[in-house]
2 protein chains.
Amino acid sequence: MPDLLLALDYGGTKLSAALSGPHTTPDTGWLNLRRAFSPPGATATYDQRTMLELAREIISAHGQPAALGVSFGGPVDFSRGLVRLSHHVPGWENTSLADQLEAVFRVPVRVDNDANVAALGEASFGAGRGLSSLMYLTISTGVGGGWIIDGRPWRGSGGLAGEIGHLTVDPEGPLCLCGKRGCVERYASGPYMAEDARQMILDTPERGRALLDLVDGRVEAVTSKTLSQAADLGDPLARQVLERGAWALGTGIGNAANLFNPQAFILGGGVTKAGDFWWQALRKCAHQTALPEVEFEILPAELGDDAPLWGAVKLAQEALLEGGVKAQP
Amino acid sequence: MPDLLLALDYGGTKLSAALSGPHTTPDTGWLNLRRAFSPPGATATYDQRTMLELAREIISAHGQPAALGVSFGGPVDFSRGLVRLSHHVPGWENTSLADQLEAVFRVPVRVDNDANVAALGEASFGAGRGLSSLMYLTISTGVGGGWIIDGRPWRGSGGLAGEIGHLTVDPEGPLCLCGKRGCVERYASGPYMAEDARQMILDTPERGRALLDLVDGRVEAVTSKTLSQAADLGDPLARQVLERGAWALGTGIGNAANLFNPQAFILGGGVTKAGDFWWQALRKCAHQTALPEVEFEILPAELGDDAPLWGAVKLAQEALLEGGVKAQP
C-alpha cells in the first residue's frame, strides 16, 4: 500500500487536517480534507480533541498514515517538537505536541511554526518550486516570514529567524506594538493600515471621500480590504496609506535582499490582495533599496491559506525519511 | 608526508601567502608566511606574478601543498573560481583565478571573496569557534560581511549576501556613495565618520576642541583613528560622530538578528579599535533594535588582518576533501 501522509494545521482560529498520497499535489487536490473552526474561548484541550476527531475521520476512511507533519500558529521549538505557546488559544504553553501525536498515531511526527511550514509549502508545491533560496512572507494581521536556504528551512539559532515585521525602516516612525518605532509591521499590516486610514480620515475627510462612501460614512468600519477597494477607485487617502505600507514592506524586502541575497520573496496573506497599485509600489521600493547588482523576484504565493498544510506534507515526508521529532533539526 | 595547505590572500594593497601543516593554528603560527605590498599602479599581471613568487619561495622551502585556498579582495563567482573584478587593481576583470592556479600547482584550488573567507576564518579558527551560525562584519573603509549558516558559508544566490553596509537605516539620511540615503556604511565607515567630523568641526569648532588639538588644528588630518582618541578624551563632537556610527551599525545588526537569528556577530576592521565607548553604544542599539527574545552576541574578531588567510586554509581543506573549483558550491 502506498504511503499516506497526514498534514495538520493548528491555526489561531481554524483547525485543518488533510491526507496526501504519493501523487497528491495542489493540482490533484487532497485525498481528504477536513476543517473545523476554533470557537471564541476555545482552549488547547478543545483544539487537541477536535483535531484528533478530524484526523480519525480521515483515517477511518482512508487508512493509517505513515508519518505526520504539523503546522502550529505560534512559536515552536522544532528540534523538540515542543509548542512554546499560542497567542490566540490558552493552555498551549510548553506542550510536547510531537511526542503526544507520536504516542497516538505511532508514526514519526514533525512540528514547526506556521511561517516556516508555509515557506516549506510554497517552496515545495507553490510559487517557489525549483528555487533553492527564498523568503516567504505573510502580510495580514501581522507581518512575518520564514526562510528556505540551500533548499532547507533556516529557522535561526533560537528558532526566531524571519521576523521581517520588526525590521526598523524609520527610526523616527510611529510606535509599534513591540515597543520599537517604525517597524515594517507598523506600516504594512492590515490592522495598522486601517488604523492609520481612520486617523487620517478624521483629519482630512475630503481626501478619503471614496473610502468614506464605501463604509457608509462609518469610519470605524474601514479595513485593509475597503482601503484596497477605495485605492482602486483612485481615493487619494487610501492610496497614500497603501503606498506607505508598500514602501515599508519594500524597504524591508530590499534590505533582506542586500543581507541575504535569496532568489525570491514569496508573499501571501490578505494584504497581498490589495491589487496592482500596491504590488507596483512594493516592487519599486524593494528594488530601489537593494543594490543594483542584487537580483531577486517578488512573487505572489500560490497556495493561499493551505500553504501550511502543504508544508506539513513536506515535513511528513522528511519525518518518514529521517525520523520524527527526535531527528536532528 | 603530512598534507601542506597553501593560503593566498590578494588584498587590495597587500599580497600574502602562508603555509599550514596538519597542526597549524593561530596559536602555533604559520609554517611560513610571506607578504608583499602591491605598489600604487600595480596591475593584475603584476600582482599575479608577485604572488607566484611568494608561493614558490614558500614551496621551495617546505614542499608542495596538497591544496590551495584563496581569498580575493573583490567580487568572486565562487562556483567557477572566477574573479569578477577588483575595485583597487585594474586588469582582474573575469579572471579564472582558480583554473590558472590549478594549472600552475596541479592541486585543487578554491577561491572566494575576502568577506566570505574572513567569515570562514573567524568561524573555524577565531572568535566563532564552536558556533554554527554567525555573521562576520568588517568595518573599515567600507562596511561588509559574510555569513556562516549551519556551519557553512552562505554566499547568496548571486554571491552577494552580506551587504550589511547598504542596509537603509534612515530613509531621510545623508546620501551614500551607492546612490541611496541613510545606509549603514554612510554613517559607520571610517572615511565617512572622518568626513562627518570634518564638516561638523567647521560648524561648531568649540565642540571638537580636543579633536582639533590632536591634529594640530589641521581639520583635513582628522581620521577615524583621531576621532577615537578624541572620544577617549571626552571630546563631545568626536563622541557624537562615533555614537552615530555605532547607532547605524547597531541598527543594521539588530535588524539582521531579527531577520536571520544567528548566534553571533563577529566584528573586525580598523573602526572596531574605537574603544569601549563605541562598543557599548553599538551593543545597546543592536539589542534595542532586535526583538527581546532574539538573542545574540557581538564579539570582536580574533584573527585581525589574517582572518582571510585562515579562512583560505579552511577553503583548502574543503578543496582537499571535495575537490577544487569544479566542486559544488
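Q: Helices (DSSP runs of H or I, at least four residues) and strands (DSSP runs of E, at least two) are numbered from the N terminus. Where does A:D150 fall among them?

A: A:D150 sits in the loop between strand 9 and strand 10 of chain A. The model is predicted: local features need pLDDT of at least 70, side-chain atom pairs count only at pLDDT 80 or more, and totals for chains, interfaces and linings use all residues. Residues are numbered from 1 along each chain as its sequence is written, chains are lettered from A and ligands numbered from 1 in the order in which they are written, and side-chain values use heavy atoms, leaving out hydrogens and water.

Q: Why is A:D150 called partly exposed?

A: Its relative accessible area is 46%. Buried means under 20%, exposed over 50%, and partly exposed in between (1.4 Å probe, protein chains only). A:D150 therefore counts as partly exposed.

Q: What is notable about phi of A:D150?

A: Phi is near 55 degrees, a positive value in a residue other than glycine. Most residues other than glycine have a negative phi.

Q: What are phi and the exposure class of B:R106?

A: Phi of B:R106 is near 55 degrees, again positive in a residue other than glycine. B:R106 lies in the loop between helix 2 (97-105) and strand 7 (109-113) of chain B. Its relative accessible area is 72%, so B:R106 is exposed.

Q: Is B:S20 buried or exposed, and how do you know?

A: B:S20 is buried, at a relative accessible area of 2%. The residue belongs to strand 2 (residues 14-20) of chain B. Leaving aside neighbours within four places in sequence, B:S20 is in contact (heavy atoms within 4.5 Å) with B:D3, B:L4, B:L5, B:W30, B:L31 and B:V313.

Q: What makes A:E195 partly exposed?

A: The relative accessible area of A:E195 is 38%, which puts this residue in the partly exposed class. A:E195 is part of helix 5 (residues 190-203) of chain A. A:E195 and A:V219 lie 24 residues apart in sequence and 9.8 Å apart in space, C-alpha to C-alpha.

Q: How do you know that the two chains touch?

A: 39 residues of chain A are in contact with 39 residues of chain B. About 3,100 Å² is buried between them, and carbon and sulfur atoms give 64% of that. Buried area is the accessible area (1.4 Å probe) lost when two parts are put together, summed over both. In chain A, the residues that lose the most are A:W154, A:L259 and A:F260, together 23% of what that side buries.

Q: How many salt bridges and polar contacts cross the interface?

A: Zero salt bridges: no side-chain nitrogen of Lys or Arg is within 4 Å of a carboxyl oxygen of Asp or Glu across it. The polar contact count is 22 residue pairs, both at pLDDT 80 or more. A polar contact is a pair of N or O atoms within 3.5 Å; within protein, one must be able to donate a hydrogen and the other to accept it, and residues adjacent in sequence count only if both atoms are side-chain atoms.

Q: Which element gives the largest share of the side of chain A that touches chain B?

A: Helix 8 of chain A, with six residues.

Q: Why are the copies called two-fold related?

A: A turn of 180 degrees and a shift of 0.0 Å along the axis lay chain A on chain B with an RMSD of 0.0 Å. The copies are thus related as by a two-fold rotation axis. The superposition is by least squares on C-alpha atoms of residues with pLDDT of at least 70 in both. Of the residues of chain A, A:D170 comes closest to the axis, at 2.8 Å (C-alpha).

Q: What makes the surface the same on both copies?

A: 100% of the interface residues of chain A are also interface residues in chain B, so the copies meet through the same surface.
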